[in-house]
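Got your viewer open? Let's take a short walk, one selection at a time.

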Amino acid sequence: MQYDRKQINRIKRIQGQLNGVLKMMEEERDCKSVITQLSASKNSIGRLMAVIVSENLIECINELDGEDRDERISEAVELLVKSK
């Protein structure tokens, strides 16, 4: 699977969020602020996982046929469920 620029940029934004959380922790910022930023990072990761799995599912539908197609679609659905 190829990952597009949007997906890569999402990871970079998440990385920036996590670096910000680390800095907040080093500065001993309050718990509420740290948890808020961690929660935002977690939600961003979840959304990205869903996008990647759904795009993979679309590829499976478009490229495969027969039993192999059904198996690959099932695998993608399982990944989607795990990402939640």
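A term to have ready: a residue is called buried when its relative accessible area is under 20%, exposed when over 50%, and partly exposed in between, using a 1.4 Å probe and protein chains only. This is a predicted model, where local features need pLDDT of at least 70, side-chain atom pairs count only at pLDDT 80 or more, and totals for chains, interfaces and linings use all residues. Numbering starts from 1 along each chain as its sequence is written, and side-chain values use heavy atoms, with hydrogens and water left out.

**Colour by confidence.** pLDDT is the predictor's confidence in each residue, from 0 to 100. The protein chain averages 86, and 93% of the residues score at least 70. Confidence peaks in α1, at a mean of 96, and is lowest in helix α3 (residues 66-82), at 75. Helices here are DSSP runs of H or I with at least four residues, numbered from the N terminus.

**Select Ile8.** You're now in helix α1. Ile8 counts as partly exposed because its relative accessibility is 31%. Add Met1 and Tyr3 to the selection: with Ile8 they make a nonpolar surface patch of about 270 Å². Such a patch joins nonpolar side chains (Val, Leu, Ile, Met, Phe, Trp, Tyr) within 5 Å, from residues with over 30% relative accessible area and no salt bridge. A salt bridge would be a side-chain nitrogen of Lys or Arg within 4 Å of a carboxyl oxygen of Asp or Glu. The areas come from the Shrake-Rupley method with a 1.4 Å probe.

**Stay on Met1.** Met1 sits in the segment before α1 and is partly exposed, at 38%. What does Met1 contact, leaving aside its neighbours within four places in sequence? Gln7, Ile52, Glu55, Asn56 and Glu59, with contact meaning heavy atoms within 4.5 Å. Met1 and Ile52 are 51 residues apart in sequence, yet their C-alpha atoms are 9.1 Å apart.

**Jump to Glu28.** Look in the loop between α1 (5-26) and α2. Glu28 is exposed, because its relative accessibility is 71%. Its phi is positive, about 55°, although Glu28 is not a glycine. Most residues other than glycine have a negative phi.

**Finish along α2.** Helix α2 covers residues 31-63, and its end C-alpha atoms are 48 Å apart, which agrees with the 48 Å expected for 33 residues. That expected span is 1.5 Å times one less than the number of residues. Among its buried residues are Val34, Leu48 and Cys60. Click on Ser44, also in α2: Ser44 is buried, at 14%. Beyond its neighbours within four places in sequence, Ser44 is in contact with Ile14 and Gln17.

Note on methods
Helices (H or I, at least four residues) and strands (E, at least two) are DSSP runs, numbered from the N terminus. Patches are made of residues with over 30% relative accessible area and no salt bridge: like charges are joined within 9 Å, nonpolar side chains (Val, Leu, Ile, Met, Phe, Trp, Tyr) within 5 Å.
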